[in-house]
Amino acid sequence: FGLGDTGAMTPERLRHYLETLPDGVSEIYFHPATALPSVWPAHYRCVDEAAALIDPEAQAIIARRGISIMPFAGLERAA
């Protein structure tokens, strides 16, 4: 989820995805950073994406829905 929102995963978008995730394993695509690395295009909102990851409302949705969070590398163990 979020591939079409590359560089623009805002807290609002993340909340929407979290509310609508299907059962099973899903990936939400992010490029979070606290400063814009030079490797990303100038229009990427990496700081907003980092803020989305710590958004209290998103955290509440995660807790309420019982969503497990893991890095991409952890998917092999989850399958």
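These legends go with a few views of one predicted model.

**View 1. The whole chain, with its 4 helices and 0 strands.** Follow the sequence from start to end and you get the pattern α-α-α-α. Put a box along the principal axes, and the C-alpha atoms fill roughly 35 × 30 × 20 Å. The radius of gyration is 13 Å, which agrees with the value near 12 Å for a compact globule of 79 residues.

**View 2. Inside and outside of the chain.** Of the 79 residues, 32% count as buried. On the outside, the chain exposes about 5300 Å², with 58% of that coming from carbon and sulfur atoms. Now look at who touches whom: among contacts with a separation of 6 or more, 52% are between residues 24 or more positions apart.

**View 3. The charged side chains.** Here you'll find 6 positive and 10 negative side chains. Take the centre of each set, and the two centres lie 2 Å apart.

**View 4. F1 and Y17, an aromatic pair.** Searching the whole structure turns up just 1 aromatic pair. The ring centres of F1 and Y17 are 5.7 Å apart and the planes sit at 55°, so this pair is tilted. The two residues come from distant parts of the chain, 16 residues apart: F1 is in the segment before helix 1 (11-20), while Y17 is in helix 1 itself.

**View 5. How covered the two ring residues are.** F1 is partly exposed, because its relative accessible area is 40%. Y17 comes in at 16%, and since buried means under 20%, Y17 counts as buried.

Key
Residues are numbered from 1 along each chain as its sequence is written. This is a predicted model: local features need pLDDT of at least 70, side-chain atom pairs count only at pLDDT 80 or more; totals for chains, interfaces and linings use all residues. Side-chain values use heavy atoms; hydrogens and water are left out. The radius of gyration is taken over C-alpha atoms; the globule rule is 2.2 Å times the number of residues to the power 0.38. Buried means under 20% relative accessible area, exposed over 50%, partly exposed in between (1.4 Å probe, protein chains only). Contact means heavy atoms within 4.5 Å. Accessible areas come from the Shrake-Rupley method with a 1.4 Å probe; for residues, only the protein chains shown count as cover. Lys and Arg count as positive and Asp and Glu as negative; His and the chain ends are not counted. The place of a charge is taken as NZ of Lys, CZ of Arg, CG of Asp or CD of Glu. Rings of Phe, Tyr and Trp (its six-membered ring) pair if their centres lie within 6.5 Å; planes under 30 degrees apart count as stacked, over 60 as edge-to-face and the rest as tilted.
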